[in-house]
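Student: I have a structure open in front of me, and I would like to learn how the words used for it are earned. Could we go through it together?

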Amino acid sequence: MTPSERHRTVARDFTARVDGVRDWEVPAPVAGWSARDVVAHLIEWLAGFMAGGGVDLEQHTSARDDPAAAWREHAERVQTLLDAPRASEDFTHPQIGTLPLEQAIDRFYTSDVFMHTWDLARATGQDDRLDPDVCTELLEGMGPMEEILRGSGQFGPAVPVPDDAPVQDRLIGFIGRDPAWMPPT
């Protein structure tokens with residue numbers, strides 16, 4: 001799957017969860033976050049990351065005001081960027097060096113959307129199942145970099161899960177979430 005195709009698939013799945021949200025203020029599995037914060041994080045984080053490499057992802061709608069509309073606008077802008085000829089051009093960022101723009105988005109952002117799909121779904125009582133093949137791929141890719149990832153502050157301490165737990169639970173635990181987390185009732 002190309003980075004463009006992968007983003008289209010992952011963004012479609014996240015959008016389905018966005019469409020199912022009835023209360024944007026419910027707590028999310030990330031400590032101190034609400035469902036609204038999950039969407040805001042994805043939009044704001046990527047905009048800042050892209051700006052660090054000279055790419056402007058202009059956003060007109062605020063996730064703080066209208067998370068669903070903001071997400072749709074953002075996802076469309078990212079998809080347009082990935083479908084454009086410039087997606088294969090070099091992107092230079094002070095923290096990651098130089099690589100094709102589409103690879104930077106794929107490695108650092110699309111995988112983040114995939115993992116935060118669980119957060120939004122779990123917070124809002126929706127289907128939180130993730131593609132097990134993608135879970136395996138991410139877990140295998142991040143495992144060797146665990147020390148670097150934890151040192152970046154992007155992931156909390158791993159939550160222990162049994163070695164024979166489903167791969168989704170192992171991924172969720174690896175990124176610092178409790179796979180058994182449920183929203184307060």
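Student: Leaving aside its neighbours within four places in sequence, which residues is Met50 in contact with?

Tutor: Keep in mind that this is a predicted model. In it, Met50 is in contact with Val55, Leu57, Leu81, Phe91, Leu101 and Ile105, once neighbours within four places in sequence are set aside. Contact here means heavy atoms within 4.5 Å.

Student: Leu81 is on that list. What makes Leu81 buried?

Tutor: Buried means under 20% relative accessible area. Leu81 has a relative accessible area of 10%, so it is called buried. This residue lies in helix α3. Apart from neighbours within four places, Leu81 is in contact with Met50, Val55, Leu57, Arg86, Ala87, Leu101 and Ile105. As for Leu57, its C-alpha atom is separated from that of Leu81 by 9.0 Å, and the two residues are 24 apart along the chain.

Student: Why does Thr117 count as buried?

Tutor: The cut-off is again under 20%. Thr117 is at 4% relative accessibility, so it counts as buried. You will find Thr117 in helix α4. Not counting residues up to four places away in sequence, Thr117 touches Asp13, Phe14, Arg17 and Leu130.

Student: Which residues touch the most other members of the largest nonpolar core?

Tutor: That core has 52 residues, and those touching the most other members are Phe14, Val39, Met50, Trp71, Leu120, Met142 and Leu171. The elements giving two or more residues to this core are α1 (3-19), α2 (35-51), α3 (67-83), α4 (101-123), α5 and α7. The largest share, ten residues, comes from α4.

Student: Now the helix pairs. Why is α1 called roughly antiparallel to α3?

Tutor: The axes of α1 and α3 come within 10 Å and cross at roughly 175 degrees. Angles over 145 degrees count as roughly antiparallel. The crossing angle is over that cut-off, so α1 is roughly antiparallel to α3. Residues making the contact include His7, Ala11 and Phe14 of α1 and Trp71, Ala75 and Val78 of α3. By class, this contact of α1 with α3 has nine nonpolar, four polar and four charged residues.

Student: And why are α5 and α7 called oblique to each other?

Tutor: The axes of α5 (residues 132-142) and α7 (residues 167-174) come within 9 Å and cross at roughly 40 degrees. Roughly parallel needs an angle under 35 degrees, and roughly perpendicular runs from 65 to 115. The angle fits neither range, nor the one over 145, so α5 and α7 are oblique to each other. Their crossing is left-handed.

Student: Which residues of α5 and α7 meet?

Tutor: Pro132, Cys135, Thr136, Leu138, Leu139 and Met142 in α5 meet Val167, Gln168, Arg170, Leu171 and Phe174 in α7. The residues of this contact divide into eight nonpolar, two polar and one charged.

Student: What makes α7 mostly covered?

Tutor: Count its buried residues: six of the eight in α7 are buried. They are Val167, Gln168, Leu171, Ile172, Gly173 and Phe174. What covers the buried residues of α7 includes α4, α5 and α6 (146-152).

Student: Which residue that follows α7 has a positive phi?

Tutor: That is Gly176, with a phi near 95 degrees.

Key:
Residues numbered from 1 in each chain as written. Predicted model: local features only at pLDDT ≥ 70, side-chain atom pairs only at ≥ 80, totals over all residues. Heavy atoms only, no water. Axes fitted to C-alpha atoms, helices over the stretch in contact; angles between N-to-C directions. Helix = DSSP H or I, 4+ residues; strand = E, 2+ residues; numbered from the N terminus. Left-handed = near helix turned anticlockwise from the far one by under 90°. Nonpolar A, V, L, I, M, F, W, Y, C, P; charged D, E, K, R; others polar. Core = buried A, V, L, I, M, F, W, Y, C linked by side-chain atoms within 4.5 Å. Buried < 20%, exposed > 50% of the residue type's maximum accessible area, 1.4 Å probe, protein only.
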